[in-house]
Amino acid sequence: MVTGDFTMHGVTKSITVPVDVVGFGEGRGGAKLAGFESHFTIKRSDYGMAFMQGPLGDEVTILVSVEAARSKFNQ
């Protein structure tokens, strides 16, 4: 679980979301890589977005995928 500030439509809220480690590997030039992914749901109305809630719905699922490389300076 990771906690941080999420901003959408000018509204910032602290949220905690699950994060999965997708894998580790070696990139170009031998760089050490790690992959992470998170799926979570927010309510648009919590961020001031009430337009067309009926047809569009209030809940939105967000997917965040990150690939990180270790810096040469921190190896």
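These legends describe close-up views of a predicted model.

**View 1. The whole chain, with 1 helix and 5 strands.**
From the N terminus on, the order of elements is β-β-β-β-α-β. The radius of gyration is 17 Å, well over the 11 Å that the globule rule gives for 75 residues, so the chain is more spread out than a compact globule. Along the principal axes, the C-alpha atoms fill a box of roughly 50 × 20 × 20 Å. Buried residues account for 16% of the 75 residues. Take the contacts with a separation of 6 or more: 36% of them join residues 24 or more positions apart.

**View 2. An open sheet of 3 strands.**
The strand order is β3-β4-β5, and the pairing is antiparallel. β3 covers residues 20-26 and β5 covers residues 59-69. Both stand at the edges with a single partner strand each, so one side of each has no neighbour in the sheet. On average, neighbouring strands here are turned by 15 degrees against each other, direction ignored.

**View 3. The hairpin of β3 and β4.**
β4 spans residues 32-43. It runs antiparallel to β3, and 6 bridges join the two strands. Val21 has Phe36 in β4 as its bridge partner. Further along, Gly25 stands opposite Leu33 in β4. The turn has 5 residues between the strands. Gly29 lies in this turn and has a positive phi of about 75 degrees.

**View 4. Phe6 against Phe40, one of 2 aromatic pairs in the structure.**
The ring centres are 5.9 Å apart and the planes stand at 90 degrees, so the pair is edge-to-face. This pair links distant parts of the chain. Phe6 belongs to strand β1, residues 2-8, and Phe40 to strand β4, with 34 residues separating the two in sequence. Phe6 is buried, at a relative accessible area of 17%. Phe40 is buried as well, at 11% relative accessibility. Burial here means under 20%, so both values qualify.

**View 5. Phe6 against Tyr47.**
Here the ring centres lie 5.6 Å apart, with the planes at 85 degrees, so this pair too is edge-to-face. The edge-to-face label applies because the angle is over 60 degrees. Again, the pair links distant parts of the chain. Phe6 is in strand β1, while Tyr47 sits in the loop between β4 and α1, 41 residues apart. The helix α1 covers residues 53-56. Tyr47 is buried, with a relative accessible area of 3%. Together, Phe6, Phe40 and Tyr47 make up one aromatic cluster.

**View 6. The largest nonpolar core.**
This core has 7 residues. The aromatic members are Phe6, Phe40 and Tyr47. Ile15, Val17, Ile42 and Ile62 complete the set. β2, residues 11-17, supplies at least two residues of the core, and so does β4.

**View 7. Contacts around Tyr47.**
Neighbours within four places in sequence are left aside in this view. Tyr47 then touches the core residues Phe6, Ile15 and Ile42. Tyr47 is also in contact with Met8, His9, Val11 and Lys13.

**View 8. The loop between β1 and β2, with His9 and Gly10.**
His9 has a phi near 55 degrees, a positive value in a residue other than glycine. His9 counts as exposed, at 55% relative accessibility. His9 is nonetheless among the contacts of Tyr47. Gly10 is exposed too, at 74% relative accessibility. Both are over the 50% that marks an exposed residue. From Gly10 to Ile42, the C-alpha atoms are separated by 15 Å, with these positions 32 residues apart along the chain.

**View 9. Arg70, in the segment after β5.**
Arg70 is partly exposed, with a relative accessible area of 44%. In sequence, Arg70 and Lys32 are 38 residues apart. In space, their C-alpha atoms are 5.6 Å apart. Lys32 belongs to β4, which covers residues 32-43.

Conventions
Residues numbered from 1 in each chain as written. Predicted model: local features only at pLDDT ≥ 70, side-chain atom pairs only at ≥ 80, totals over all residues. Heavy atoms only, no water. Pairing = 2+ DSSP bridges. Helix = DSSP H or I, 4+ residues; strand = E, 2+ residues; numbered from the N terminus. Axes fitted to C-alpha atoms, helices over the stretch in contact; angles between N-to-C directions. Phe/Tyr/Trp six-rings, centres within 6.5 Å; stacked < 30°, edge-to-face > 60°. Buried < 20%, exposed > 50% of the residue type's maximum accessible area, 1.4 Å probe, protein only. Core = buried A, V, L, I, M, F, W, Y, C linked by side-chain atoms within 4.5 Å. Contact = heavy atoms within 4.5 Å. Rg over C-alpha atoms; globule rule 2.2 N^0.38 Å.
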